[in-house]
Amino acid sequence: MHETTGPVPFAIGYNRSQGEGLVYGCMLLGLMMAVVGVVAGLPLLSLAALLPLGIAFWHYPMVEKGQPQLGANEDGLFVDRIGFINWAAVSEIDIKRTSVRNIILVRLEIVLNCPLGEAINKDQALPPWKNLMLRNWRRVRSETNCDAVIVNLHTLAADPDEIFQRLRRYKSA
């Protein structure tokens, strides 16, 4: 006899392989440009090194270990740099697919029944420099003054449909 259990907590981070080439390649290029600029006495080359180093800094969350981007438990729906969104504030969860050329983009739409600030159950403490880095979501304000949070699922290290099903189990529990 199978016993039915409630939803299982989970946390999912970026698919690191999608960002490694960009982050580490830009970091290496920037460091090489800076060193060559200093050794050769070319200050403009050293200054130009800031561009690839800035790109590596911006995309660093894609390779950061141990930092979930999306998750869920009884405290709420976790979104990195937001914290836990109270389940009672989530009115709808939906998944949308679009394609650009041959790339399928999958987004999770979390529609709230209040503004995002009121929906947060547990805020996430962040160092100030994290606000200058890439984030995996965006907020959309509706005409009713409620918010929606759009999370990119195609960048995460799990199947988007499995993520959606797990979130629906939590929403319905």
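**View 1. The buried residues of helix α5.** In α5, the buried residues (under 20% relative accessible area, 1.4 Å probe, protein chains only) are Pro 160, Ile 163, Phe 164, Leu 167 and Tyr 170. Look down the helix axis and these residues fall within an arc of 125° (taken from the directions from the axis to the C-beta atoms), so they line one face of α5. That fits the usual rule: an α-helix has 3.6 residues a turn, so residues three or four places apart point the same way. Covering the buried residues, by contacts of heavy atoms within 4.5 Å, are elements including β1 (10-12), β2 (70-73), β3 (76-79), β5 and β6 (103-112).

This is a predicted model, with local features needing pLDDT of at least 70 and side-chain atom pairs counting only at pLDDT 80 or more, while totals for chains, interfaces and linings use all residues. Numbering runs from 1 along each chain as its sequence is written, and side-chain values use heavy atoms, leaving out hydrogens and water.

**View 2. Aromatic pairs.** The whole structure has two of them (ring centres within 6.5 Å, using the six-membered ring of Trp; planes under 30 degrees apart are stacked, over 60 edge-to-face, the rest tilted). Phe 78 and Phe 84 make a tilted pair, 5.3 Å centre to centre with 55° between the planes. Both Phe 78 and Phe 84 are buried. Trp 87 and Tyr 170 are stacked, at 5.5 Å and 0°.

**View 3. Charges over rings.** Here NZ of Lys or CZ of Arg must be within 6 Å of the ring centre and within 35 degrees of the ring normal. Lys 122 lies over the face of Phe 84, 5.8 Å from the ring centre. Arg 135 puts its charged end over the ring of Trp 137, 4.0 Å from the centre.

Note on methods
Buried means under 20% relative accessible area, exposed over 50%, partly exposed in between (1.4 Å probe, protein chains only). Helices (H or I, at least four residues) and strands (E, at least two) are DSSP runs, numbered from the N terminus.
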